[in-house]
Amino acid sequence: MTGFNTQAVHAGQHKDPHTGAVVPPIYQTSTFIQDGINVLRSGHEYSRGSNPTRDGFQEQLTALEGGAAGFAFASGIAAEDALLRAVLEPGDHIILGADGYGGTNRLISKLHSKWGITSSAVDITNLDSVRAAVQPNTALLWVETPSNPLLGIADLSGWATIARENGALLVVDNTFATPYLQRPLDFGAHAVVHSTTKYIGGHSDVLGGAVILADHHFRGQSLAEAVGYQQFAGGAVAGPQDSYLAARGLKTLGLRMERHCASAQALAHWLDARPEVTRVYYPGLTSHPGHELAARQQRGFGGIVSVALKDEAAARAFAQSMEYFQLSVSLGGVESLVCYPREMTHASLIGTELEIPANLVRLSVGIEEVEDLIADLERGLAAARATVPATTRDTASARTVREKTLENA
Ligand SMILES: *Cc1c(COP(=O)(O)O)cnc(C)c1O
């Protein structure tokens, strides 16, 4: 089989026969001229149904995930929404990994709940708890590994077995690992979802999402047919310009992931030796409970490192005092980012059993020089050391931020 980086560069990149352009043009068009009524020149009719730039990206990502078909959407959440709408029916139950992207939980609990969809949250690392959560109406299992933001590792073969035994689908959010590090369909998953906004785009300049499907039938229909129809009829498609940016990013994914992994590993070791840090969450550390499983399942341990500091004040100071680790949501770009998940990405979970601890900070390690990143972390830890336990005033201002972000996140 052709190697990953070769496929990344060539799959789906159909050259322009007229000019010989090495990079396929961006087909920035809404519609296509017909040579007679319903006589389509190259199979394309209208860009919601298909567009050559989007098709090329879909083909490229599908090849890398080893799928039967793939579909690109306007965002990761739009991709998730399309997949759920395509396969679920009112009254269905979902088993959802407890440690996962906050927006996925919100999509299901706030929007899909209106159509009678229910869900149970389970510990992704404990297959017994997954099995115990199965109900007669369980139609779908949804897991993220490594998970966000606690970097838990789920046993994909084990999850796939439970799904298969119960006639349910297994969906894996592969945003953190990317197809370079892990291919969930090879472990028996039925669908992979991505926020291509993150590592696949890779440069923090485009929003996008994708669903990649195994060759599998569910409720009498092929998954590819169901999701393809949902993409066309629901319409949350990726536009030509966004598809082009995602495809361009995907060509260098392998190179970038090697660097993200090496730098994250170095920073995780460095942080682990620091007295200000009470715990480092990184599957590449041998002390991580999922280390051996991750080593079997993944080609590398990824670019995300989470750290616990001594308390909330230290975590806030650390997150807000660095130069290269810029404070923002999102991850997976060439630039390093730092996030305070409890009140940023995962604010919608505050007050629920899934809320993120107040002393946790998530780092997305970019491709900058590792020495510069270490110097930056040193600045952050100095700021964390200088904090005193939260005063009444800190707590009040923290509450204001929390109320604001709860609405926006
Ligand atoms: C960002 C993210 C999403 C949502 O994707 P958007 O492109 O922001 O809509 C879903 N899952 C994971 C793991 C993410 O990091």
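1. In this predicted model, glutamate 355 pairs with arginine 342 in a salt bridge whose closest N and O atoms are 3.8 Å apart. Both partners belong to the loop between β15 (337-339) and β16, so the bridge ties together parts that are 13 residues apart in sequence. The two ends differ in burial class: glutamate 355 is partly exposed at 34% relative accessibility, whereas arginine 342, at 11%, counts as buried.

2. A second salt bridge joins glutamate 369 to arginine 259, with 3.7 Å between the closest N and O atoms. Glutamate 369 sits in the loop between β16 and α13, and arginine 259 in helix α10, so this pair ties together parts that are 110 residues apart in sequence. Glutamate 369 is partly exposed, its relative accessible area being 46%. Arginine 259 is also partly exposed, with a value of 31%.

3. The salt bridge between aspartate 81 and arginine 85 has its closest N and O atoms 2.8 Å apart. This pair lies within one element, helix α3 (residues 76-87), where the partners are four residues apart, about one turn of the helix. Aspartate 81 counts as buried, because its relative accessibility of 17% falls under the 20% limit. Arginine 85 is partly exposed, with a relative accessible area of 44%.

4. How many salt bridges does the structure hold? The count is 13. Beyond single pairs, there is a network of salt bridges that links Arg274, Glu276, Glu378 and Arg385. As general background, side chains of opposite charge can pair when their charged atoms come close.

5. Helix α13 spans residues 370-385, 16 residues in total. From its first C-alpha to its last the helix reaches 22 Å, close to the 22 Å expected at 1.5 Å a residue. Its buried residues are Val370, Leu373, Asp376, Leu377, Gly380, Leu381 and Ala384. These residues cover an arc of only 140° around the axis, which puts them on the same side of α13.

6. What covers the buried residues of α13? The covering elements include the helices α10 (253-272) and α12 (312-319). Strands β12 (277-281), β13 (304-309) and β16 (360-364) are also among them. Helix α10 thus appears twice in this note, as part of the cover of α13 and as the element that holds arginine 259.

7. Lysine 198 deserves a separate entry. The unreviewed UniProt entry annotates Lys198 as "modified residue: N6-(pyridoxal phosphate)lysine". In the model, lysine 198 is placed in the loop between β8 (191-195) and β9 (209-213). Is this residue buried or exposed? Lysine 198 counts as buried, at 11% relative accessibility. Leaving aside residues up to four places away in sequence, lysine 198 touches Thr175, Ser330, Leu331 and Gly332.

8. The last point concerns the domains. The protein chain is divided into domain 1 (4-251) and domain 2 (254-405). Their C-alpha centres lie 27 Å apart. How many residues of each domain are in contact with the other? On the domain 1 side there are 36 residues, in contact with 39 residues of domain 2.

Notes. Residues are numbered from 1 along each chain as its sequence is written. This is a predicted model: local features need pLDDT of at least 70, side-chain atom pairs count only at pLDDT 80 or more; totals for chains, interfaces and linings use all residues. Side-chain values use heavy atoms; hydrogens and water are left out. UniProt positions are given in the numbering used here, feature names are shortened, and annotations may be inferred rather than shown by experiment. Helices (H or I, at least four residues) and strands (E, at least two) are DSSP runs, numbered from the N terminus. Buried means under 20% relative accessible area, exposed over 50%, partly exposed in between (1.4 Å probe, protein chains only). Contact means heavy atoms within 4.5 Å. The expected span of a helix is 1.5 Å times one less than its number of residues. The arc is that of the directions from the helix axis to the C-beta atoms. A salt bridge is a side-chain nitrogen of Lys or Arg within 4 Å of a carboxyl oxygen of Asp or Glu. Domain bounds come from an automatic or database domain assignment.
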